[in-house]
Amino acid sequence: MTSPSSPEQPWPVRTVSRKVAEWIGRLGEVWVEGQVAQLSRRGNAATVFLTLRDPAADLSIPVTCPRDVADRPGLELTEGARVVVRARPDYYVARGSFSLRATEIRAVGLGELLARIERIRRLLAAEGLFDAARKRPLPFAPAVVGVITGRESAAERDVLVTARRRWPAVRFTVHNCATQGPTAAESVIAGLRKLDADPAVEVIVIARGGGSVEDLLPFSDEGLVRAIAATRTPVVTAVGHETDTTMVDHVADVRAATPTDAAHRIVPEIGEQRRLVEGLRARARHLLGTRLDQQERWLEQVRSRPVFAEPQRLLAGRADDVSGLRSRATRTLTHRIEVADRDLAHARAQVTALSPAATLERGYAVVQRADGALVRDPAEVGDTEQLQVRVAGGRLPVRVDRAATGEDGTP
């Protein structure tokens with residue numbers, strides 16, 4: 001048993017390689033499903049080399065098998081074929097490489113492929129990738145349309161020719177790629193990412209002509225479906241004939257029946273738009289003319305009213321009203337002033353009659369002491385005290401002389 005490694009006692013490379021080989025060797029045989037990406041038969045060599053690729057991920061494993069396994073009767077082993085391989089993992093110590101040594105290869109039938117696609121479809125649907133709420137509307141008249149299709153294919157011609165005939169101002173950015181075979185899905189994904197990164201591209205069309213179910217398998221690739229779902233640009237799919245349905249049709253924002261139908265959906269028809277504009281113009285002119293006629297009639301009705309036809313008549317009537325109101329106000333105000341004047345004279349007479357001055361006029365007098373206090377009782381005044389007597393004509397200074405009067409105050 002090898003001692004544990006440490007900085008002081010590291011393992012040699014051969015020890016690490018041997019341990020990895022032993023560990024991998026304990027895995028035993030496994031069944032692996034994948035797609036044949038490369039196939040190499042070297043002359044009459046007894047060993048056939050192939051690369052098994054995962055259709056849903058960018059992963060592959062080299063596989064070796066005896067020629068009789070690859071050439072088994074009934075097995076058509078070609079690039080792009082889906083297969084199930086029974087193999088034993090193998091680690092080649094000398095080169096530090098990993099591979100599978102196949103002992104049996106089975107072709108995946110169409111039914112199995114369709115069942116696998118259905119399982120993936122349900123998985124992606126459960127994640128919400130096919131929800132209608134995720135669908136984005138297409139731009140009305142995009143200036144630049146991205147097209148992913150095969151080089152010089154009928155699908156490319158149908159999209160470009162039809163769209164330009166309908167809307168001559170439209171421009172295209174075309175990405176030609178493989179639309180069939182083991183590299184088709186990766187090629188379409190690369191074009192999708194390239195066009196999605198172009199800010200000028202407003203909508204992307206993925207177009208391919210019709211074909212068998214096997215030919216259209218790349219368009220049900222899980223990786224391609226997720227790539228379409230991740231784009232910021234609306235995507236239109238036109239894959240196969242009208243009856244063909246692939247998984248990209250479920251995730252796309254719009255599914256067109258054919259490449260020609262895709263062209264009809266991405267750009268408007270210029271003649272139809274011109275007719276629509278002319279119709280809107282005619283409708284606007286009619287509505288505006290009708291509204292002007294209504295306003296002219298209303299204006300004539302307003303102008304024919306007496307207040308506008310003879311405005312001085314209304315003023316004359318109002319002038320009479322104003323004159324009458326002025327006369328009434330004058331009479332009322334004059335009457336109120338006369339009543340107030342009489343009330344004031346009466347109040348003045350009452351005040352005059354009750355005033356001290358009127359009492360003095362009748363011969364009465366007011367006696368005051370030097371400090372101005374009134375004298376009401378003779379006993380309050382001392383002998384020889386200076387007093388003032390106020391009469392109607394003015395004031396008289398007097399001095400009290402009790403000797404000249406009796407005790408009762410008489411002389």
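These exercises work through a predicted model.

**Exercise 1. Sheet order**

Task: Find the strand order of the open sheet of five strands, and name its edge strands.

Solution:
- Step 1. Trace the sheet: the order is E7-E6-E8-E9-E10.
- Step 2. Check the sense: the pairing is parallel.
- Step 3. Find the strands that pair on one side only: these edge strands are E7 (171–176) and E10 (254–255).
- Step 4. Take one pair in detail. E8 (residues 203–208) and E9 (residues 235–239) are joined in the parallel sense by five bridges.
- Step 5. Locate one bridge: Ala-207 has Ala-238 in E9 as its partner.

**Exercise 2. A helix on the sheet**

Task: Determine which strands H4 touches and how H4 is directed relative to E7.

Solution:
- Step 1. List the contacts: H4 packs on the sheet and touches E6 (144–149), E7 and E8.
- Step 2. Compare directions: H4 makes about 175° with E7.
- Step 3. Classify the angle. Values over 145 degrees count as roughly antiparallel.

**Exercise 3. Two helices**

Task: Describe how H4 (residues 154–166) and H8 (residues 259–266) pack.

Solution:
- Step 1. Read the geometry: the angle is about 30°, and the axes lie 8 Å apart.
- Step 2. Apply the cut-off: angles under 35 degrees count as roughly parallel. H4 and H8 are therefore roughly parallel to each other.
- Step 3. Give the hand: the H4 and H8 crossing is right-handed.
- Step 4. Name the residues. H4 contributes Ala-155, Asp-158, Val-159, Thr-162, Ala-163 and Arg-166. H8 contributes Pro-259, Thr-260, Ala-263 and His-264.
- Step 5. Sort them by class: the H4 contact with H8 has five nonpolar, three polar and two charged residues.

**Exercise 4. Val-251**

Task: Decide whether Val-251 is buried or exposed, and list its contacts beyond four places in sequence.

Solution:
- Step 1. Place the residue: Val-251 is in helix H7 (residues 247–251).
- Step 2. Use the cut-off: with a relative accessible area of 4%, Val-251 falls under 20% and so is buried.
- Step 3. List the contacts: Leu-129, Phe-130, Arg-134, Lys-135, Val-225, Ile-228 and Ala-229.
- Step 4. Look at one of them. Val-225 is 26 residues from Val-251 in sequence, but their C-alpha atoms are 6.5 Å apart.

**Exercise 5. Positive phi**

Task: Examine Glu-152 and Thr-384 for phi, place and exposure.

Solution:
- Step 1. Read phi. Glu-152 has about 50°, positive although not a glycine. Thr-384 is near 70°, also a positive value in a non-glycine residue.
- Step 2. Place them. Glu-152 sits in the loop between E6 and H4. Thr-384 sits in the loop between E11 (366–368) and E12 (386–391).
- Step 3. Assign exposure. Glu-152, at 73% relative accessibility, counts as exposed. Thr-384, at 44%, counts as partly exposed.

Key
Residues numbered from 1 in each chain as written. Predicted model: local features only at pLDDT ≥ 70, side-chain atom pairs only at ≥ 80, totals over all residues. Heavy atoms only, no water. Axes fitted to C-alpha atoms, helices over the stretch in contact; angles between N-to-C directions. Helix = DSSP H or I, 4+ residues; strand = E, 2+ residues; numbered from the N terminus. Parallel < 35°, antiparallel > 145°, perpendicular 65-115°, else oblique. Left-handed = near helix turned anticlockwise from the far one by under 90°. Contact = heavy atoms within 4.5 Å. Nonpolar A, V, L, I, M, F, W, Y, C, P; charged D, E, K, R; others polar. Pairing = 2+ DSSP bridges. Buried < 20%, exposed > 50% of the residue type's maximum accessible area, 1.4 Å probe, protein only.
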